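Please look through the model shown here before reading on. The report below takes up its parts in turn, beginning with how far the prediction may be trusted.

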Amino acid sequence: MNDKKLIVTGLVIFLIIVLFPFWYNRGRAVPPPEVKLTEQAKAAKECVLSKDYMRSEHMQLLDLWRESVVREADRIYTNPKGKQFVMSLSNTCLDCHSNKADFCDKCHNYASVRPYCWDCHIDNPKENS
Amino acid sequence: MDTSRRRVLQLLGLSAAALSAPPVFNALAKEAHEPAAAPQIGPSKEALTAKQWAMVIDTPKFKSEKDVEPLVEACHKIHNVPHWDEKRWEIKWLWATHYEHAFTGTVSRRFVAEEVQHRPFLVLCNHCENPPCVRACPTKATFKRPEDGIVMMDFHRCIGCRFCMAACPFGARSFNYRDPRPALKYTNKQFPTRMKGVVEKCSFCVERLAEGKMPACVEASEGKLTFGDLFDEKSKVRELIKTHYTIRRKVNLGTEPAVYYIV
């Protein structure tokens, strides 16, 4: 064991490199994304379900909608408050949330998720500004 | 280590208590998370329904390609079907072909009335009662809808293996060899496009039926096409089949196509 110095130096360098993201970003917090709502979304006040639920579970809801519409031929969703929605990502969700860059992308980029919904579904179907 | 009988019993009791904890926690967590009343899911009220949708095509009314074009246009326009000049990338939902190609193996093609030979025959997915594409699909991306017999595609699930294309005897399915978006002539923003690597075909306009509208080609045909329930004896489709001589494509294969041709 004559290489003790070499090994320890190597280990230290290794640790510095591996922990680079931690010490480089220390003390800095990336601000959480701030989503902008469209006028239409603001006026509606509430989404299909509560804001908290939509924020964390909208993908589950979309999955359920897709399954119902495509496979079961059921297209109408009645929320707990009795309001009815046509289950359509293109025509219901993206109609109200027609600002993909300021709404969807904000959180998706922050969380580093890349959903491929927009490969097929077209953003802003009615061309609201 | 000394372990008394008392200690062992205590531990056992504690473990049993711990085991019962998760369900209690889960129940508590659930109540806080889920919305109070259960949401409801159902069909739309204006939706048109049938046991097996079928189409009757009155072919003598189609004199030339000109009569076919508006129908194809209507279909491809609303469904964002791309138009490629390159033949091998072609995507088709509804198109015209010649008599001898449409009815191979079904009818005598040796000597045919000249008028019939030049008549354009509209072809599309036959929405077979016994669809071979559905059996071939390894992911159940294509399936026969039990409610109304439409052979549908779930583009989300399609992995692009093209088994269905090999299985379909009518060539009704097309594969997106490239991203279809650059090849769109018009974009209907209300309807999704497809992506590269996905198979697509006619859907008998499910999205229009759900809104109580007839398929786009039927609407554009001005009575040359008739759409209705094959299993309803009083439907228009059955009325036409009863009163006219009709043929179907490749019936000898036993797929039971739901598109009937008056010749």
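## Confidence of the prediction

Chain B has an average pLDDT of 92, and 97% of its residues score at least 70. The structure is a predicted model, and for the complex the predictor reports an ipTM of 0.79 together with a pTM of 0.81. Where pLDDT is low, predicted coordinates should not be read in detail.

## A four-stranded sheet in chain B

Chain B contains an open sheet of four strands, arranged in the order E9-E2-E11-E10, and the pairing within this sheet is mixed. Its edges are formed by strand E9 (225-229) and strand E10 (246-247) of chain B, each of which pairs on one side only. E2(B) pairs with E9(B) in the antiparallel sense over five bridges, and in this pairing B:Met55 stands opposite B:Phe227 of E9(B).

With strand E11 (residues 259-262) of chain B, E2(B) pairs in the parallel sense, over four bridges. Along this pairing, B:Val56 has B:Tyr260 of E11(B) as its bridge partner, B:Ile57 has B:Tyr261, and B:Asp58 has B:Ile262. E11(B) is also joined to E10(B), in the antiparallel sense and over two bridges; here the bridge partner of B:Ile247 in E11(B) is B:Tyr261, a residue that is likewise the bridge partner of B:Ile57. Helix H10 (residues 236-243) of chain B lies across E2, E9, E10 and E11 of chain B, and runs at about 115 degrees to E9(B).

## Buried and uncovered parts

Is E2(B) largely enclosed or not enclosed by the rest of the structure? Five of its six residues are buried, so E2(B) is largely enclosed. In soluble globular proteins, nonpolar side chains tend to be buried together. The largest nonpolar core in this model has 56 residues, and those with the most contacts inside it are B:Met55, B:Leu94, B:Leu122 and B:Leu124. Strand E2 (residues 53-58) of chain B gives the most to this core, with five residues. If neighbours within four places in sequence are left aside, B:Met55 is in contact with B:Leu225, B:Thr226, B:Phe227, B:Ala258 and B:Val259. A second core, separate from the one just described, has six residues, among them A:Trp65, A:Val70, A:Tyr77 and A:Met87.

Helix H1(B) is hardly covered, for the count of buried residues among its 15 residues is zero. The length of this helix can also be checked: at 1.5 Å a residue, the 15 residues of helix H1 (residues 5-19) of chain B should span 21 Å, and because the C-alpha atoms at its ends are 21 Å apart, the expected and the modelled span agree.

## Where the two chains meet

How many residues does the contact take from chain A and from chain B? The contact takes 22 residues from chain A and 22 residues from chain B. On the side of chain A that touches chain B, helix H4 (51-72), strand E1 (76-78) and helix H5 (89-96) of chain A each supply at least two residues, and the largest share, five residues, comes from H4(A).

The chains also share an open sheet of three strands, with the order E2(A)-E1(A)-E1(B) and antiparallel pairing. Its edge strands, each pairing on one side only, are strand E2 (84-86) of chain A and strand E1 (40-42) of chain B. Direction ignored, neighbouring strands of this sheet are turned by 25 degrees against each other on average. E1(A) and E1(B) run antiparallel and are joined by three bridges, and A:Tyr77 stands opposite B:Ile41 of E1(B). A:Tyr77 is also included in the second core, the one of six residues.

## An exposed proline in a loop

B:Pro138 is found in the loop that lies between helix H6 (132-136) and strand E5 (142-144) of chain B. Is B:Pro138 buried or exposed? It has 9 C-beta neighbours inside 10 Å, and because a residue with 12 or fewer is taken as exposed, B:Pro138 counts as exposed.

Even so, B:Pro138 has contacts with residues further along the chain: not counting residues up to four places away in sequence, B:Pro138 touches B:Cys161 and B:Phe163. B:Pro138 and B:Gly160 are 22 residues apart in sequence, and their C-alpha atoms are 10 Å apart in space.

Notes. Residues are numbered from 1 along each chain as its sequence is written. Chains are lettered from A and ligands numbered from 1 in the order in which they are written. This is a predicted model: local features need pLDDT of at least 70, side-chain atom pairs count only at pLDDT 80 or more; totals for chains, interfaces and linings use all residues. The expected span of a helix is 1.5 Å times one less than its number of residues. A residue is buried if 20 or more other C-beta atoms lie within 10 Å of its own, exposed if 12 or fewer, and partly exposed in between; C-beta atoms are placed from the backbone. A nonpolar core is a set of buried Ala, Val, Leu, Ile, Met, Phe, Trp, Tyr and Cys residues joined through C-beta atoms within 7 Å. Two residues are in contact if their C-beta atoms, placed from the backbone, lie within 7 Å. Two strands pair if DSSP finds at least two bridges between them. Axes are lines fitted to C-alpha atoms, for helices over the stretch in contact, and angles run from 0 to 180 degrees between N-to-C directions. pLDDT is the predictor's confidence in each residue, from 0 to 100.
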